[in-house]
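Let's take a walk through this structure together. Have a look at the fold first, and then we'll zoom in on a few side chains.

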Amino acid sequence: RESESTMDQGRWTPLLEVAARRALAYRKLGIVICYDDPTITPPHLQHLDACVPLTSSSGAPTRGAVTRLDFPGGLYGAIEHRGPVRTLIQAYRTLADGIRRSGRFVFRRDPPIEIIRELPRGRTPALSEVYFPVELT
């Protein structure tokens, strides 16, 4: 678990090293679990987990600094963001406000999830999806 201010590409290295050492097959997709609401908590105080989706949980560590996490199922509100990381908070806020205004959904207690689909390349900005777990009112 790392704070947002220290999350950089180097922080993914231990995760990928464990996957390689244990011969765990994974999709080349970054997932970030945000334990603090990024629309309320300042970036330097946020706690996050960096994840990659395994194709099978067999052999995945269950203890230690790098462990298997299971995602809760259910309904999620979603939004796509293409742009610099500094504007990603706008996607979180837009989605959270839409859920609050919907009158149909309320937030569950599970943390929001961000899926990094594409890293920025040259003039092409990053592509991410933001998901808030919700339930019907």
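**A walk from fold to rings**

Phe132 is a good place to start: at 4% relative accessibility it counts as buried, where buried means under 20% relative accessible area, exposed over 50%, and partly exposed in between (1.4 Å probe, protein chains only). Before going on, some ground rules: this is a predicted model, where local features need pLDDT of at least 70, side-chain atom pairs count only at pLDDT 80 or more, and totals for chains, interfaces and linings use all residues. Residues are numbered from 1 along each chain as its sequence is written, and side-chain values use heavy atoms, with hydrogens and water left out.

So who keeps Phe132 company? Phe107 forms an aromatic pair with Phe132, edge-to-face, with 5.3 Å centre to centre and 75 degrees between the planes. For such pairs, rings of Phe, Tyr and Trp (its six-membered ring) need centres within 6.5 Å; planes under 30 degrees apart count as stacked, over 60 as edge-to-face and the rest as tilted. This pair links distant parts of the chain, with Phe107 in strand S5 (residues 105-107) and Phe132 in strand S7, 25 residues apart. Helices (H or I, at least four residues) and strands (E, at least two) are DSSP runs, numbered from the N terminus. Phe107, at 31% relative accessibility, counts as partly exposed.

Tyr92 belongs here too, since ring pairs link Tyr92, Phe107 and Phe132 into a cluster. At 3% relative accessibility, Tyr92 counts as buried.

Now follow Tyr92 to another neighbour. Thr39 touches Tyr92, and also Ile89, Arg93, Ala96 and Arg100, not counting residues up to four places away in sequence; touching here is contact, meaning heavy atoms within 4.5 Å. You'll find Thr39 in the loop between strand S2 (30-34) and strand S3 (47-51). Is Thr39 buried or exposed? It is buried, with a relative accessible area of 17%.

Finally, step back to the whole chain. It has two helices and seven strands, and from the N terminus on the elements run β-α-β-β-β-α-β-β-β. Of its 137 residues, 36% count as buried. Among contacts between residues at least 6 apart in sequence, 68% join residues at least 24 apart. As for outer dimensions, the C-alpha atoms fill a box of roughly 45 × 35 × 25 Å, taken along the principal axes.
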